[in-house]
Amino acid sequence: MTFREVCIALNCAKDIGGATVRKLCDFFKNLDGLDQADETQLMSVQGIGKVKAHQIYAALRSDNWKRELEFAEKSKVNLLTPADELYPLRLKEIPDPPSALYVAGNIMRMTSSCIAIVGTRAPTAYGAKVAFDFAENLAYSGYTIVSGLAEGIDTQAHRGALCAVGAPTIAVLGSSIDCLYPKCNSPLAEAITSNGGAIVSEFPFKRPANRLMFPQRNRIISGLSLGVVAVEAPDGSGTLITAECAADQGRTVMAVPGHITSLQSRGTNRLLRDGAAVVCSPQDVIDELSLFKQPFKSQMPPRIIDAYIPPTPKPPNPNLSPDEQKVYDAIPVDGILLDDLLTRCGLPPQNLNLILTRLSIRRLVSSDITGTITKL
């Protein structure tokens with residue numbers, strides 16, 4: 001087996017992670033032909049005992065890696081390993097790089113200047129607006145926004161980036177690429193890949209999300225990025241794991257200050273207490289990364305981002321399709337809940353979600369934490 005085939009085979013085994021593969025690389029120097037090693041030789045590697053050696057031995061004798069390659073080709077998904085030239089160099093630097101990366105969309109996007117924007121799945125209106133505005137303005141400034149496609153802050157970060165015309169974004173999943181989670185963000189994932197971005201996962205096909213997979217994927221979000229911006233997170237949030245990964249990887253950790261009485265800001269405020277950089281604007285993020293010193297030049301008009309201000313309604317886009325116009329016209333001035341909008345429009349839920357994503361990308365509608373959809 002080649003180095004690439006070995007990486008894919010080991011990645012298919014649930015209990016063999018990137019750190020183990022790195023130990024094997026350090027010991028054997030070249031993983032070409034590792035399938036010829038017996039369990040005694042594998043146990044010679046520091047940190048690999050009898051159980052782990054047997055798992056590696058069994059994984060290298062399974063045909064799972066062949067099925068992964070076949071399924072990837074049929075699904076038009078790129079499968080990268082550390083043996084491939086296009087594998088992101090930033091990920092090679094981290095202590096436990098993924099043995100394999102499944103990428104739908106533009107694989108070159110991972111080599112660009114990336115900034116991670118992360119936070120809670122249940123943000124306040126303030127947090128949602130900050131995430132959207134930071135992502136939009138940083139994307140206009142040439143950065144690729146990385147997040148986890150989760151509901152809440154992640155969703156707002158991806159949407160904000162997409163609103164910056166021609167500014168792609170990267171979503172790193174806590175599931176396999178064919179078991180996308182959450183399902184409600186399938187239209188958003190489609191918008192990401194169709195606009196030059198990428199959907200990324202380290203998990204083999206047919207691997208649905210579970211709670212243990214999200215902390216594991218967080219190291220990839222930070223690993224791909226030059227720095228991580230934590231927008232809003234309560235104590236115990238996975239956002240704090242991402243920040244910890246970023247610090248361990250030598251990335252810049254930044255946080256947006258929140259109200260001291262807000263439960264949703266306890267985690268981010270603690271990050272600030274522990275030394276994370278305070279960022280109150282996109283320019284603060286750029287200054288912290290110290291990539292360049294010229295003033296921030298966004299193509300967006302100046303906006304206040306430290307408070308929620310109801311936006312001024314806009315007339316509908318004349319280029320809307322009949323269904324898009326129907327949905328737009330069905331949204332009252334004071335907003336409407338998704339279930340009520342479904343009843344009013346009479347469209348299938350999947351179609352309505354796709355239309356709402358398109359309208360959101362065009363900055364015609366938005367939704368808040370209560371699920372209320374309003375016109376912008």
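This passage describes the overall form, nonpolar cores, salt bridges and cysteines of a predicted model.

The protein chain contains 16 helices and twelve strands. Along the principal axes, its C-alpha atoms fill a box of roughly 70 × 45 × 35 Å. The radius of gyration of the protein chain is 22 Å, which agrees with the value near 21 Å that a compact globule of 376 residues would have. Buried residues account for 51% of the 376 residues. Of the contacts between residues at least 6 apart in sequence, 70% join residues at least 24 apart. The accessible surface of the protein chain amounts to about 17200 Å², and 53% of this area belongs to carbon and sulfur atoms.

In soluble globular proteins, nonpolar side chains tend to be buried together. In this model, the largest nonpolar core comprises 37 residues, and the members that touch the most others are L10, L24, L34, I56, L149, I177 and I199. At least two residues of this core come from each of α1 (3-11), α2 (18-28), α4 (50-59), α5 (64-75), β2 and α9 (186-194). A second core, separate from this one, has 29 residues, including I170, A198, L224 and L240. The surroundings of I199 can be given in more detail. When neighbours within four places in sequence are left aside, I199 is in contact with Y102, V103, A104, A171, L173, I177, A189, I192 and T193.

Eleven salt bridges were found in a search of the whole structure. One of them pairs D96 with R219, whose closest N and O atoms are 3.3 Å apart. D96 lies in the loop between α6 (89-92) and β2 (101-105), while R219 belongs to helix α10 (residues 213-223), so this salt bridge ties together parts that are 123 residues apart in sequence. The two partners differ in exposure: D96 is partly exposed, with a relative accessible area of 25%, whereas R219 is buried, at 6% relative accessibility.

Another salt bridge joins R358 and E324, with 3.9 Å between the closest N and O atoms. This pair also links distant parts of the chain, since R358 is in helix α16 (residues 349-361) and E324 is in helix α14 (residues 322-330), 34 residues apart. R358 is partly exposed, at 36% relative accessibility, and E324 is buried, at 3%. Through salt bridges that share partners, D96, E202 and R219 are joined into one network. A further salt bridge is formed by R273 and D274, where the closest N and O atoms are 3.2 Å apart. Both R273 and D274 are exposed.

A disulfide is a covalent bond between the sulfur atoms of two cysteines. With a cut-off of 2.5 Å between cysteine sulfur atoms, the count of disulfides is zero. C184 is in no disulfide, and the nearest cysteine sulfur, that of C179, is 16 Å away. For C345, the closest cysteine sulfur is that of C184, and the distance of 18 Å is too far for a bond. C184 is partly exposed, at 37% relative accessibility, while C345 is buried, with a relative accessible area of 4%.

Definitions and conventions. Residues are numbered from 1 along each chain as its sequence is written. This is a predicted model: local features need pLDDT of at least 70, side-chain atom pairs count only at pLDDT 80 or more; totals for chains, interfaces and linings use all residues. Side-chain values use heavy atoms; hydrogens and water are left out. Buried means under 20% relative accessible area, exposed over 50%, partly exposed in between (1.4 Å probe, protein chains only). A salt bridge is a side-chain nitrogen of Lys or Arg within 4 Å of a carboxyl oxygen of Asp or Glu. Helices (H or I, at least four residues) and strands (E, at least two) are DSSP runs, numbered from the N terminus. A nonpolar core is a set of buried Ala, Val, Leu, Ile, Met, Phe, Trp, Tyr and Cys residues joined through side-chain atoms within 4.5 Å. Contact means heavy atoms within 4.5 Å. The radius of gyration is taken over C-alpha atoms; the globule rule is 2.2 Å times the number of residues to the power 0.38. Accessible areas come from the Shrake-Rupley method with a 1.4 Å probe; for residues, only the protein chains shown count as cover.
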